[in-house]
Structures are given as structure tokens and as C-alpha cells.
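User: Could you walk me through how to read the contacts in a protein model? I would like the general idea and then the case at hand.

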Amino acid sequence: MGHRPYAGAEGFNRIEEIACRLACQQFGADHANVQPHSVSQANQAVYQGLLLNGDKVLAMKFSDGGHLTHGLKINFSGRFFNFNFYGTGKDGRLDYKAIEKQAVEFKPKLIVCGASSYPRKIDFKKLKKIAAKVGAYLMADLSHPAGLVVANKFPQPFPSCDVVTLTLDKTMLGPHGGIILCKKELEQIIDKAVHPGTQSSVPLRRIFEMTQCLLDTSKPWFSKYIDRLMINMKVFEEVFNKLPGLLVTGGSDTHLMVLNTYSVLGLTGKYSEEILEKIGILTNRQVVPGDTLKPYVASGIRLGATWITARGYRPEEVNLIGKIILKNLTNPNDEKIQKESKAKLKNLLWVKRKNDVWKDENITI
Ligand SMILES: Cc1ncc(COP(=O)(O)O)c(C=O)c1O
């Protein structure tokens, strides 16, 4: 907190202190550092704090849901540290027995969990047991499910994890930036790894926005929002499961899901993304477990209900959006369907804009 090599930031120090306190309260951590510019940078600081160049790290495979900063060779993480990867089992879910076997053989100094596109919960307690067995630190990158953790719809990372990184701009509905949470004994290591280790100054305005976000997410409306998000995801799940095999792992218990469009519909992720963008729906291409296509083409798409829920969309609208997605993916060249879909979606935007009253404390589900 603070430690700025310049004057005039006294007020911001106090604001930053509130952000750190709120982050610790909401995630059950001993210590928070809200200064990293992004999660990539937060991850970099954690690696720099806990590891020496060349140290061994075990993380989730990119194609199975892991992130660039979890050891890809083209990223700083894979360049400076010795990463090995665990994947998901045949069912697309984490196979903890296999992870344990790998950890025992590889003997990493750090195990990284958390993902970019894993639609299921993570068992931090099981991973902690594995980490303890091999004497490794356990870090969770919770960029995606952070909001679900706050609302108790995802397992609590502490006390199992030693370090957690996250951002507020996904399921926390706040600004972009990185947060590192850790146990008391790592406080100084983490703070030093952020500054002066990986960055110089901190945009004070973003710290203010983070504080505002964390104040918001500590209020009762936020849990109601996450409840609604989970209900909306079940609606998507029901619609997409009309095409067996389309959903990786058969569904989702988080805010995101992965559609294997290539194996079920013969559409690459890139093409599926383009089809949907044409009618006004933004998704993103996504590699799927065992993918044979390059990441920029990919075999699937990733989508979620975070922002449509924040707009106030209820199951009726989500059901309609899901059906529109399915109809367009199964009729990729039908211009009439595209035109009709676009009109329906436009109508939906207009109707909901009038009811966009999200932070109303009286909102009921
Ligand atoms: C799991 C995970 N970690 C890290 C990042 C990187 O975050 P940033 O863009 O803030 O560097 C992302 C980005 O989406 C992510 O999904």
C-alpha cells in the first residue's frame, strides 16, 4: 500500500487502504496489493516474488482453459520459468489424481490454477493437498470467477491458496487492473515484487475506481446480481444442450461456457465468432480441449451472461438470445435469418435500456 516515490498522494493512500481492506474482506485474504496495471502484470509480480528464473511451475494447459501468462513459450512466463502443464480429463474436467501424479513427478515450486475458459468449479482444497505434498506454493488466477467468489457461488480460495490474482473488470463489473491477494507471510515479498519489482507508478484514478467497485460489490445487490447471472447461465445451458456435444463438459457452473462449434457444426471458432458478430452478438473464438486448430482460428467460442445480466436481462431474454445464437450457427449462410435476428436483438436492446436499473437495492429475483 502506498510506497510511492513522489509526493502529493496522501489522499490516494487512504483510498487505496480502503480498496485493500475491502478486497481482503471480500476474498478472505490477509493482504492485498491493488497496484498492478493488469492481471498479466500481477502474475508476473507473483512469479518474480516466489520464483527464481528457471524454477519449475505446474499450470493448466492453454488448450484446456489455461491462460497465456500461465507458461506459454511466447509469453514472459514460458520464457523465464520452467512450466509443465496439466490438462483436463476426457470429460473436460480437471482430473485431480492425474495432477497429483504429475506434481509428484515434476516437483514444481509453484502450482498455478485458475483459467481463462474453464466452465467448472475448482477444488482448491484438493489442489492444496497436492501442493503441500510436493512443497509447492499454490496460486489461483481468479480473473474470471472473482465475482462468483464474492457471492459465494464459487469455492473460496483462502486458506487453501497462498496467492490469488484477479481483475475487477469481468464478473466484478468494475475497472480493468490487477489485484494480488496473499497470506500474511508473503506480504512483503509480493509488495516488493510489484514495486519496484515489476512497475514504477500507479494510475491513482484507477485505484479510486477500484475502491468504488469494491464498495459496490460489498452491497447486497451484488449477490442478487450473481444469483441472476447463474440462473441466466442455466437458461443458456438448456438451450445449447439441444445440440448434444456442443457444450464442453456438457454445461457450466460458472459465468462462462465453451461451445465446441467445430466438432458439432463444422464451424471454426473464428467463423462462428464472425457469424454472430454480423448480427450483433459478441463472443470470442476459443481453443477447446485437444484442439488441433491454431488459437487464432480455434475450434470453439466462449460466451457468458455477465454483461447481459448486468443490463437486466431475465431468463426470457436470455432464452431468446440463446435460440438466436443456435439458429444462426446452424444456418450460417442464411441472410433472411440474419436479418430477422438482428431486428429481434435491436428490439431487445431498446426495451431493456428503459429498465436498466441495476443498482437498485430493492431489486428482486
Ligand atoms: C485467467 C486470466 N488471467 C490473466 C488474464 C490477463 O489479464 P490482463 O488482460 O489484465 O493482463 C486474463 C485475461 O483475460 C485471464 O483470463
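Analyst: Happy to; we will go through domains, salt bridges and aromatic rings in turn. One note before we start: this is a predicted model.

User: Let's begin with the overall layout. Which domains does the assignment give, and what are their bounds?

Analyst: The domain assignment divides the chain into domain 1, covering 10–217, and domain 2, covering 220–353. Taken over C-alpha atoms, their centres are 27 Å apart. The contact draws 28 residues from domain 1 and 29 residues from domain 2.

User: How should I read the size of an interface like that?

Analyst: Interface size is often expressed as the accessible area lost when the parts come together. Here domain 1 and domain 2 bury about 2200 Å² between them, with 65% of it on carbon and sulfur atoms.

User: Which three residues supply more than any other three of the area that domain 1 buries against domain 2?

Analyst: Those are Pro 119, Arg 120 and Leu 173, which together supply 28% of the area on the domain 1 side.

User: What about charged pairs? How many salt bridges are there between the two domains?

Analyst: The general idea is that side chains of opposite charge can pair when their charged atoms come close. Between domain 1 and domain 2 the count is two salt bridges, while a search of the whole structure finds 14. One of the 14 joins Asp 227 to Lys 153, with the closest N and O atoms 3.0 Å apart.

User: Can you show me a salt bridge inside a helix, and where its residues sit?

Analyst: Try Lys 234 and Glu 237, whose closest N and O atoms are 2.9 Å apart. They are three residues apart in helix H9 (residues 220–240), so about one helical turn separates them. Lys 234 is partly exposed at 41% relative accessible area, whereas Glu 237 is buried at 14%.

User: And which elements does the pair of Arg 285 and Glu 273 tie together?

Analyst: Arg 285 belongs to strand E9 (residues 284–286) and Glu 273 to helix H11 (residues 269–279), so this salt bridge ties together parts 12 residues apart in sequence. The N to O distance is 2.8 Å. Arg 285 counts as partly exposed at 22% relative accessibility, and Glu 273 as buried at 13%.

User: Is Lys 184, the partner of Glu 187, buried or exposed?

Analyst: Lys 184 is exposed, with a relative accessible area of 54%. Glu 187 is partly exposed at 23%. The closest N and O atoms of this salt bridge are 2.8 Å apart.

User: Now the rings. How do I tell whether a pair is stacked or edge-to-face?

Analyst: Look at the angle between the planes: under 30 degrees counts as stacked, over 60 as edge-to-face. The count here comes to nine aromatic pairs. Among them, Tyr 47 and Phe 81 lie 5.8 Å centre to centre with 65° between the planes, which makes the pair edge-to-face. This pair links distant parts of the chain, 34 residues apart: Tyr 47 is in helix H2 (residues 39–50), and Phe 81 is in the loop between helix H3 (76–80) and strand E3 (82–86). Tyr 47 is buried at 0% relative accessible area, as is Phe 81 at 9%.

User: Which residues form one aromatic cluster with Tyr 47?

Analyst: Phe 76, Phe 81, Phe 83 and Phe 85 do. A separate example to look up is Lys 56, which lies over the face of Phe 106 at 5.2 Å from the ring centre.

Terms used
Residues numbered from 1 in each chain as written. Predicted model: local features only at pLDDT ≥ 70, side-chain atom pairs only at ≥ 80, totals over all residues. Heavy atoms only, no water. Phe/Tyr/Trp six-rings, centres within 6.5 Å; stacked < 30°, edge-to-face > 60°. Helix = DSSP H or I, 4+ residues; strand = E, 2+ residues; numbered from the N terminus. Buried < 20%, exposed > 50% of the residue type's maximum accessible area, 1.4 Å probe, protein only. Lys NZ or Arg CZ within 6 Å of the ring centre and 35° of its normal. Domains from an automatic or database assignment. Contact = heavy atoms within 4.5 Å. Buried area = accessible area lost by both parts, 1.4 Å probe. Salt bridge = Lys/Arg side-chain N within 4 Å of Asp/Glu carboxyl O.
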